[in-house]
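Biologist: I would like a close look at one part of this model, the place where two helices pack against each other. Could you take me through it slowly and then show me what lies around it?

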Amino acid sequence: MKAVCWHGTHDVRVENVPEPKILNHQDAVVKVTLTAICGSDLHLYDGCIPTMEKGDILGHEFMGEVVEVGRDVRNLKKGDRVVVPFTICCGRCFYCQKGMWSLCDNTNPNAALCEKVYGSTSAGLFGYSHLYGGFAGGQAQYARVPFADVGPIKVPEGLRDDQVLFLSDIFPTGYMAAENCNIQPGDTIAVFGCGPVGQFAIRSAYMLGAERVIALDHIGARLELARKGGADVVDFSGVDVVDKLKELTGGRGPDACIDAVGMEAHGMTIDALYDRARQAVRLETDRPHVLRQAIQACRKGGTVSIPGVYGGFIDKFPIGAAFAKGLTLKMGQTHVPKYLQPLMERIQRGDIDPSFLITHRLTIDDAASGYRTFRYDQEECIKVVMQPS
Amino acid sequence: MQVITHRKHAVNITQAEGIASAIGGGLLAAAGLQKRSAAGLALAMIGGDLLRRGITGHSFAYEMIGIRTAPLGQGAETTSVPYELGIRVDRSITIAKPRSEVYRFWRNLSNLPRFMNNVVSVTQNGNQSHWVVEAPRGRTVEWDAVIHNEIENELIAWRSLAGGQVANAGSVIFTDAPGGRGCQVRVELQYNPPAGTLGAVVALLFGKEPGQQIQEDLHRLKKLLETGEVITVEGQSSGRVQCLPYDREVQVASEASFPASDAPAYNP
């Protein structure tokens, strides 16, 4: 079968690899009908995530048709059309039982390595490094899905693939980012970064009752899409973001800030250049420029919600400001299964049609150019989906 | 919990060896001091340490490589790993299952190879059992063990019997986790590898550090009991010409792919 394989920084290739097999009794194999490139795949593309290996199959946003189920699978059968969450969850451990699905104890075959690096293991993820289990991803014609009874959700009749695909990651991720803000009536939410997760965070914040959303980016097309989602937009080029946000909120600052950018922030200030230099010589692994601004801008007692991915260490973290203002920081991989049913219902009701995000529709053969476009042509490209035919 | 803060250095050489060591060391020290040179001083220091070794009866070199020539003394017949020898491992894990269920699973020793990766087989015969375990470079080691203390749903304590290839002893302690969170399993294990501690250092070079091995075994036990299977990626597809066994892949990965990139190109 065809699969998109990682071969190093800025080097992904479509290769012919063996088709996946059932490896555990609770596995299913899915024939992928639609898959997408995620912003967090760009962290892999840029070589910022450790423990990737040449030949690893990429992709954690995918859906398709069940073609094979293992002996112990009960809820799925051949022919079912499913969306697969990017987090692999056992459904039985303390964390799954408490709804903290992405912290699952039992789905990372490499738990001991993860424990050494981060102190504890997290759920295994599709196509996202050996630290997260080394699972083959879904940018392929077929994918093996462990614990198939737990994660995947069946797609109701009448919904297109491109309407439901983003339930696999970015829609729940944007939604959880907004939910983490604990939005109260009258609240203003600032969303840093208007990529796919930022776009869903904007719309989710309104669904959860925000009075106003202020979206920040420096790319015109993305700001335009944010405006369509109802946000007031700020182009941060040449602007003091913290001053601007204070000015727009009567001097209070936003009630909550969402960092939908993460470890590869493209700032234009002194501290951003400092991070870039430190990262270039390996003194720092992540660039926390947006995180600093979010903490500085947020109102006293507010929340900074971090859906953007961080992987290592940061420098000059303004813990003093966070402490002085009594901020709450909420972060982590998305607990996808928790959100599947409610968000599927919202799509069915027509509250939102997630396909608004798609700018590029390719076949999997063009994956390499898809990665390049998403990485370098951000004015043009917001979301790439690929058909694996 | 008992915490040992001061390690007592026990006598680990025979009396005859001690006398020889003291006399030889004394002569060497005297000769070295007479030379009044740097080399002489070094000789004197070596002699001094031999003298100390003779008087105290404790050899640090023996301790390091896991040798003991002194008689084992009182209680030796029920001691598998003599004092100051071997390697100690303490690990624990919480399993979201009732204590009795976890205990029962472990007490059926033939279950152990299902989650202990390097254990080939455990054959149970009453209170005694025969163990076959993988050793570095494709060999196996074997020993017989006896469960010498057992409290249902609380404790299993074992020690190996004389004549085995690896002397070991330890206990598994089962307690309730607070707030109905299941069962805490604690493993306390002391073992004396074939060539003493030096052998363990060699094992480290060829395989896993023992604490790490036990930790991974406990993770597998948890997965098995909580989910009914141990999730694996062995045998999955990839764009590699030949898929390596999973364990090896990760060791290769740590060399080749830890923060791998230059900082991404700036995209204004």
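Modeller: Before looking at the helices, it helps to fix one term: an angle of 65 to 115 degrees counts as roughly perpendicular. Please also keep in mind that this is a predicted model. In general, two packed helices are described by the angle between their axes and by the distance between those axes. The pair to look at is helix H5 of chain A, residues 170-179, and H12(A), whose axes come within 9 Å and cross at roughly 100 degrees. With that angle, H5(A) and H12(A) are therefore roughly perpendicular to each other. On the side of H5(A), the contact is made by Phe171(A), Pro172(A), Tyr175(A) and Met176(A), while H12(A) brings Val336(A), Tyr339(A) and Leu343(A). When the residues of this contact are sorted by class, seven are nonpolar, with no polar and no charged ones.

We can now step back to the domains of the chain. Chain A is divided into domain 1, which covers 2-169 and 334-387, and domain 2, which covers 171-331. The C-alpha centres of these two domains of chain A lie 25 Å apart, and their contact takes 22 residues from domain 1 and 20 residues from domain 2. On the domain 1 side of that contact, the elements giving two or more residues are helix H1 (39-45) and helix H12 (336-349) of chain A, and so our helix H12(A) appears here again. By class, this side of domain 1 of chain A has 11 nonpolar, six polar and five charged residues.

Elsewhere in chain A there is an open sheet of three strands, in the order E2-E1-E4, with antiparallel pairing. Strand E2 (11-16) and strand E4 (56-57) of chain A stand at the edges with a single partner strand each, so one side of each has no neighbour in the sheet. Strand E1 of chain A, residues 2-8, is joined to E2(A) by six bridges, and the two run antiparallel; Val4(A), for instance, stands opposite Val14(A) in E2(A). Across E1 and E2 of chain A lies helix H13, residues 367-376, running at about 160 degrees to E2(A).

Finally, chain A also touches chain B, in a contact that takes 53 residues from chain A and 33 residues from chain B. On the chain A side, E1, E4, helix H3 (111-118) and helix H9 (270-280) each supply at least two residues, and by class that side has 22 nonpolar, 18 polar and 13 charged residues.

Technical notes. Residues numbered from 1 in each chain as written. Chains lettered and ligands numbered in written order. Predicted model: local features only at pLDDT ≥ 70, side-chain atom pairs only at ≥ 80, totals over all residues. Domains from an automatic or database assignment. Contact = placed C-beta atoms within 7 Å. Helix = DSSP H or I, 4+ residues; strand = E, 2+ residues; numbered from the N terminus. Nonpolar A, V, L, I, M, F, W, Y, C, P; charged D, E, K, R; others polar. Axes fitted to C-alpha atoms, helices over the stretch in contact; angles between N-to-C directions. Parallel < 35°, antiparallel > 145°, perpendicular 65-115°, else oblique. Pairing = 2+ DSSP bridges.
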